[in-house]
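Got the viewer open? Let's take a walk through this one, stop by stop, with something to select at each point.

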Amino acid sequence: MGRISARGKRGQVLSVNVGSDDRNYQVRDLAEAVAAEVPGTDVSINTSAPVDSRSYKVDFGLYRSLAPMHQPRVTLQESIRELIDGMRRMNFSDSEFRTSDLIRLKVLQDHVDSGRLDQQLVWAKGDAKMLEDA
């Protein structure tokens with residue numbers, strides 16, 4: 001699942017969710033799918049965390065209509081196996097990977113702390129312009 005954006009000649013932007021309706025997963029589904037492929041992996045869900053009532057169900061209808069010949073073909077299980085194989089090929093063994101500065105939430109927090117993003121994760125005016133020009 002992803003998102004692409006295109007800017008037209010007059011500055012209009014079209015953002016499209018890229019993915020497939022039959023591949024909408026919750027974090028629990030992803031964790032359980034990974035655990036099924038990695039022996040010895042236990043999944044634990046923080047049941048004391050506040051309930052997140054937001055819907056993460058994404059509509060991929062526009063992408064399907066714009067790119068009918070370019071729909072996802074790889075299953076979740078195939079993707080997990082490819083990631084596992086790639087990590088094995090690169091001898092990944094960083095047991096401290098959760099402390100990496102490249103983790104998405106840490107990168108976002110750095111942007112917020114530096115003022116590049118606000119608390120709603122909207123780019124600051126100067127930074128948004130910089131991204132448009134890139």
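Start by selecting Leu121, in the loop between α4 and α5 (125-133). This is a predicted model, by the way, so you are looking at a computed structure throughout. Check the backbone here: the phi of Leu121 is near 65°, a positive value in a residue other than glycine. That is worth a stop because most residues other than glycine have a negative phi. Is Leu121 buried or exposed? Neither quite fits: with a relative accessible area of 46%, Leu121 is partly exposed.

Now zoom out and colour by secondary structure. You should find 5 helices and 2 strands in the protein chain. Going from the N terminus, the order is β-β-α-α-α-α-α. Turn on the surface too: the accessible surface of the chain comes to about 11300 Å², and 54% of that belongs to carbon and sulfur atoms. Of the 134 residues in the chain, 14% are buried. As for how the chain folds back on itself, take the contacts with a separation of 6 or more: residues 24 or more positions apart account for 46% of them.

**Helix α4**

Select residues 104-114, which make up helix α4. Which residues are buried here? Leu108, His111 and Val112 are. Look down the helix axis and you'll see that these buried residues fall within an arc of 100°, so they line one face of α4. Then step just past the end of α4 to Gly115, where phi is positive, at about 90°.

**Helix α3**

Next, select residues 76-89 for helix α3. With 14 residues, α3 reaches 20 Å from its first C-alpha to its last, close to the 20 Å expected at 1.5 Å a residue. Show side chains for Leu76, Ile80 and Ile84, which are buried in α3. They cover an arc of only 70° around the axis, which puts them on the same side of the helix. What covers the buried residues of α3? Part of the answer is α1, which is included in that cover. Now spin α3 around: the face turned away from its buried side carries the exposed residues Glu82 and Arg89.

Move on to Asn91, just after α3, in the loop between α3 and α4. Asn91 has a phi near 55°, another positive value in a residue other than glycine. Asn91 counts as exposed, because its relative accessibility is 62%.

**An aromatic pair**

How many aromatic pairs does a search of the whole structure find? There is 1. To see it, select Phe92 and Phe97: their ring centres are 6.1 Å apart and their planes sit at 65°, so the pair is edge-to-face. Phe92 counts as partly exposed at 36% relative accessibility, and Phe97 counts as partly exposed at 37%.

**From α1 across to α3**

Go to Leu30, in helix α1. Leu30 is partly exposed, with a relative accessibility of 34%. Leaving aside neighbours within four places in sequence, Leu30 is in contact with Tyr25 and Leu76. You met Leu76 earlier, among the buried residues of α3. Try a distance label as well: Leu30 and Gln77 are 47 residues apart in sequence, yet 9.6 Å apart in space, C-alpha to C-alpha.

**The loop between β2 and α1**

For the last stop, select Ser20, in the loop between β2 (13-18) and α1 (27-37). At 14% relative accessibility, Ser20 counts as buried. Show its side chain along with that of Asp22, and you'll see a polar contact of 2.3 Å joining the two. Not counting residues up to four places away in sequence, Ser20 touches Phe60 and Pro72.

Asn24 is in this loop between β2 and α1 too. Is Asn24 buried or exposed? Asn24 counts as buried, with 17% relative accessibility. What does the side chain of Asn24 have beside it? Draw a distance from its side chain to Val58: the backbone oxygen of Val58 lies 2.9 Å from a polar atom of the Asn24 side chain.

Note on methods. Residues are numbered from 1 along each chain as its sequence is written. This is a predicted model: local features need pLDDT of at least 70, side-chain atom pairs count only at pLDDT 80 or more; totals for chains, interfaces and linings use all residues. Side-chain values use heavy atoms; hydrogens and water are left out. Rings of Phe, Tyr and Trp (its six-membered ring) pair if their centres lie within 6.5 Å; planes under 30 degrees apart count as stacked, over 60 as edge-to-face and the rest as tilted. Buried means under 20% relative accessible area, exposed over 50%, partly exposed in between (1.4 Å probe, protein chains only). Helices (H or I, at least four residues) and strands (E, at least two) are DSSP runs, numbered from the N terminus. A polar contact is a pair of N or O atoms within 3.5 Å; within protein, one must be able to donate a hydrogen and the other to accept it, and residues adjacent in sequence count only if both atoms are side-chain atoms. Contact means heavy atoms within 4.5 Å. The arc is that of the directions from the helix axis to the C-beta atoms. Accessible areas come from the Shrake-Rupley method with a 1.4 Å probe; for residues, only the protein chains shown count as cover. The expected span of a helix is 1.5 Å times one less than its number of residues.
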